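Grab a pencil and work through the exercises below with the model open beside you. Try each task before you read its solution.

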Amino acid sequence: MNLVFDLIAQLALMGVAQTANKTFYMPPQASASAAHVDWLFDLILWISVFFFVLIVILMVMFIVKYRVKDPNAEGPRIYHNTPLEITWTAIPLAIVVVIFWLGFKGYMDLAVPPANAYEIQVTGQKWKWLFTYPNGYVDEILHVPSDRPVTLVMTSTDVIHAMYIPAFRAKTDVMPGRYTKIWFDATEPGTYPLFCAEYCGTGHSAMITEVLVHGPGEFETWMDEAANWIATMAPEEAGLKLYSMLGCQQCHSTTGAAGIGPTWAGLFGSERKMKDGSTIVADENYIRQSILEPQAEIVAGFDPVMPTFQGRIKDDGIAALIAYMKSLQ
Ligand code: CUA
């Protein structure tokens, strides 16, 4: 009985919550297509509720009304009733055709991005999202303008992830070896959670970030500053950010711990023993060469496995990394 009361209370709550532009299940709508998704979901829900109630009431009424009073009596032989059968076939058919039509229309609207949409490249990886903007700037938070449609062109470097932004009612799988797209028209400036909605390993639940919707005109200002982010930060801080963004930390520790490459702790200014027996002092020029031409000098005890970062890092980035290394003494 408690269950029934809970259900009634939940249904009542849904009605109330609707008015606040959010539903019982979902956060406030923040994209142009969210309203249609919620409306269609509610339509299907309430049709289901209507038929559930109708069927249960009729069932109980029939149980009472047609209860067998004489256990030996044979009931009337009823084979079929054509008008009734046509009715209970035609009405549900019409309802599901309408639901299909509305659903298919909504799906096509969500699946086909408008031609003038702003494009952002998305990479899913264990366990974070990277967003690459047309000018090459990379961020771990998704920044979007509020005054124009945005398309995400998404792929994965490892397993299947799923892009999920509840406030936009947008969700699409992100797969290795192919591109998938999702688009939305953000209507409300603000910050909304962005999740991975496909179980992708131990860090799946931590694969969370944010969408930051900039107000009209503010996106361009942000983009100009962001593209120049190295200049706006202290060099050591910028170096630390690059250390994470470029993936240096996969091979180089900053604690002195052993790795695929030499640790950065105490590296700057130290004397390095090379594979060919020579000794080099790790100064600015040595670090710069090691980043751009990693195969030129190999430290004794390590394999020549580092890729070049030529083209992936500019002079200000190298200077920031050197500043960060100097701070690790
Ligand atoms: Cu990525 Cu779950």
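**Getting oriented**

The chain splits into domain 1 (2-65 + 80-111), domain 2 (118-226) and domain 3 (234-327), with bounds that come from an automatic or database domain assignment. This is a predicted model, in which local features need pLDDT of at least 70 and side-chain atom pairs count only at pLDDT 80 or more, while totals for chains, interfaces and linings use all residues. Residues are numbered from 1 along each chain as its sequence is written, and side-chain values use heavy atoms, with hydrogens and water left out.

**Exercise 1. Work out how strand 6 is placed and paired.**

Step 1. Find strand 6 at residues 161-165; strands are DSSP runs (E, at least two residues; helices are H or I, at least four), numbered from the N terminus. Check burial next: 5 of its 5 residues are buried, where buried means under 20% relative accessible area, exposed over 50% and partly exposed in between (1.4 Å probe, protein chains only).

Step 2. Sort the side chains. His-161, Met-163 and Ile-165 point one way, and Ala-162 and Tyr-164 the other. That fits a general pattern: in a regular strand the side chains alternate between the two faces of the sheet.

Step 3. Look for partners; two strands pair if DSSP finds at least two bridges between them. Strand 7 (residues 170-174) runs antiparallel to strand 6 over 5 bridges, and Ala-162 has Asp-173 as its bridge partner there. The two strands make a hairpin with 4 residues between them, and Arg-169 in the turn has a positive phi of about 55°.

Step 4. Add strand 9 (residues 190-196), joined to strand 6 by 2 bridges and also antiparallel. Here Met-163 is bridged to Cys-196.

**Exercise 2. Decide whether Gln-125 is buried or exposed, and list what it touches.**

Step 1. Gln-125 sits in strand 1 (residues 118-125). Its relative accessible area is 18%, so Gln-125 counts as buried.

Step 2. Skip neighbours within four places in sequence, and Gln-125 is in contact (heavy atoms within 4.5 Å) with Leu-130, Thr-157, Asp-158, His-161 and Met-207.

**Exercise 3. Describe the largest nonpolar core.**

Step 1. A nonpolar core is a set of buried Ala, Val, Leu, Ile, Met, Phe, Trp, Tyr and Cys residues joined through side-chain atoms within 4.5 Å. The largest one has 60 residues, and Tyr-133, Leu-142, Leu-152, Met-163 and Phe-168 touch the most other members.

Step 2. Helix 8 (residues 315-326) gives the most to this core, 6 residues. Domain 2 and domain 3 each supply at least three residues.

Step 3. Follow Phe-168: beyond four places in sequence, its contacts include Ala-30, Phe-184, Tyr-192 and Val-213.
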